[in-house]
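Hi,

Here is the structure I said I would pass on. Have a look first, and then read my notes underneath.

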Amino acid sequence: MRPPAELVGDFRSLVAKTTRRTSFGFPYRAAAVPKGVEPMQEKGRTGGDYETDWSRRLPARMARVLIVEGPMRGLVRAVANPERTGFDRLSDLDEDRPVIFAANHHSHVDAPLLITSIPEPWRHKLVVGAAADYFFASRMTGALSALAMGAIPIDRTRVNRKSADLAAELIEDGWSILIFPEGGRSPDGWGQPFRGGAAYLSVRTDAPVVPIHLEGTGRIMGKGMNRPRPGRTVVTFGKPMRPQAGDDARSLGSRIETAVYELADESATDWWSARRRAARQLTPVLTGPEGPSWRRAWALGDRKGRTRRPSRSWPDLG
């Protein structure tokens, strides 16, 4: 015996009033959620929520080796013409342990230049901390960044433990990481204060930090430039740094920033002069003079085609 039509209608009305529908997108259908229960949020597919696990599996790693050693290396050689120094300072590193590489940042050329400069065995088990709001703004750019550079999303717009936890887990799994502690490219040609990401990861995982200074990349493709202008670059690797007794992220971060300044001075002049200034705490900083933008622009000067001179006040940042 079938129930009366009016009872069926009343039951459907009751269900509609006590439930709400939420959609999770294809291939899932909308599901009824009882009132008072928070619906499950749809997982993001871009920005800091972009999943990069697939890019660290064997097929993607093999493809990345071909990209790095083929077109990326050729493009870097043609556009940046790099000189690489300081490899001898890495000789004491344990090749079986991951390393945190921390460098100044002026150009989109920086990441490919460093990926092709970091030596074996770290080069092919390397992830790059990349701005989630830029390199992972869409699923297409995220996929390209993850495949070609081994990039992982780092949220630079807000404090986000997910990015830090992912980076720390990868280091503990044996992956080295490349970080730009300034958080983004220089807006005016001068350096920016370092953030504490590299230092935090080193304190948390006990992985050594290798400071690196890049010279010349800002002239090739600095912020605001639409196309690269080929030039010459210098990549200087510094002595590995480890957390000392009593170190926290702030104190270690300050030492990392100072080490990059000293490498910049060394690149601009010579090792002996740079060490003498460092001993007297007279190393020029990369953040430039305080003051209005016109004064900073004037102090920076026109560095196009400028040759290195030992007497200048600040190292060549471009």
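Below is what turned up, going from the overall fold to the salt bridges and then the empty spaces.

A word on the ground rules. This is a predicted model, so keep in mind that local features need pLDDT of at least 70 and side-chain atom pairs count only at pLDDT 80 or more, while totals for chains, interfaces and linings use all residues. Residues are numbered from 1 along each chain as its sequence is written, and side-chain values use heavy atoms, with hydrogens and water left out.

**The fold**

The chain has 11 helices and nine strands; these are DSSP runs numbered from the N terminus, with helices being H or I of at least four residues and strands being E of at least two. Of its 318 residues, 42% count as buried (buried is under 20% relative accessible area, exposed is over 50%, and partly exposed is in between, with a 1.4 Å probe and protein chains only). If you look at contacts (heavy atoms within 4.5 Å) with a separation of 6 or more, 70% of them come from residues 24 or more positions apart.

Seven strands form an open sheet with mixed pairing, in the order S3-S9-S8-S4-S7-S5-S6. Two strands pair here if DSSP finds at least two bridges between them. At the edges stand strand S3 (82-85) and strand S6 (151-154); each has a single partner strand, so one side of each is left without a neighbour in the sheet. From one strand to the next, the twist averages 25 degrees.

For a close-up, try S8 (residues 209-215) and S9 (residues 233-237), which run antiparallel and are joined by four bridges. Ile 212 stands opposite Phe 237 in S9.

Helix H6 packs on the sheet, where it touches strand S4 (100-103), S5, S6 and strand S7 (176-179). Its direction makes about 150 degrees with that of S6 (axes are lines fitted to C-alpha atoms, for helices over the stretch in contact, and angles run from 0 to 180 degrees between N-to-C directions).

**Salt bridges**

I took a salt bridge to be a side-chain nitrogen of Lys or Arg within 4 Å of a carboxyl oxygen of Asp or Glu. By this rule the count comes to 11.

Start with Arg 123 and Glu 69, whose side chains meet at 2.9 Å, N to O. Arg 123 lies in the loop between helix H3 (110-115) and strand S5 (126-131), and Glu 69 is in helix H2 (residues 58-80), so the pair ties together parts that are 54 residues apart in sequence. Which of the two is buried? Arg 123 is, at 15% relative accessibility, whereas Glu 69 is partly exposed at 32%.

Arg 123 also meets Glu 120 in a salt bridge, at 3.9 Å, N to O. Glu 120 is partly exposed, with a relative accessible area of 45%.

Next comes Arg 204 with Asp 165, a salt bridge of 2.9 Å, N to O. Arg 204 sits in helix H7 (residues 197-205) and Asp 165 in helix H6 (residues 161-172), so parts 39 residues apart in sequence are tied together. Both ends are partly exposed: Arg 204 has 35% relative accessibility and Asp 165 has 22%. As for shared partners, salt bridges join Glu 69, Arg 73, Glu 120 and Arg 123 into one network.

Asp 165 has another long-range relation worth a click: Leu 201 is 36 residues away in sequence and 9.1 Å away in space, C-alpha to C-alpha.

**Pocket and cavity**

Both come from a 1 Å grid over the protein atoms alone: a cavity is a set of points where a 1.4 Å probe fits but cannot get out, a pocket is an open set with protein on both sides within 12 Å along at least five of seven lines, and lining residues have an atom within 4 Å of a point. Grid points are joined across faces, edges and corners, and a volume is the space filled by probe spheres set on the points.

The largest pocket holds about 1400 Å³ of space. It is lined by 48 residues, and the closest to its centre are Gly 129, Ala 130, Ala 131, Ile 154 and Gly 183. H2 gives the most to this lining, with five residues.

There is one cavity of 30 Å³ or more, with about 90 Å³ of space. Its lining includes Arg 61, Val 65, Trp 175 and Arg 123. H2 supplies the largest share of that lining too, with four residues.

Cheers
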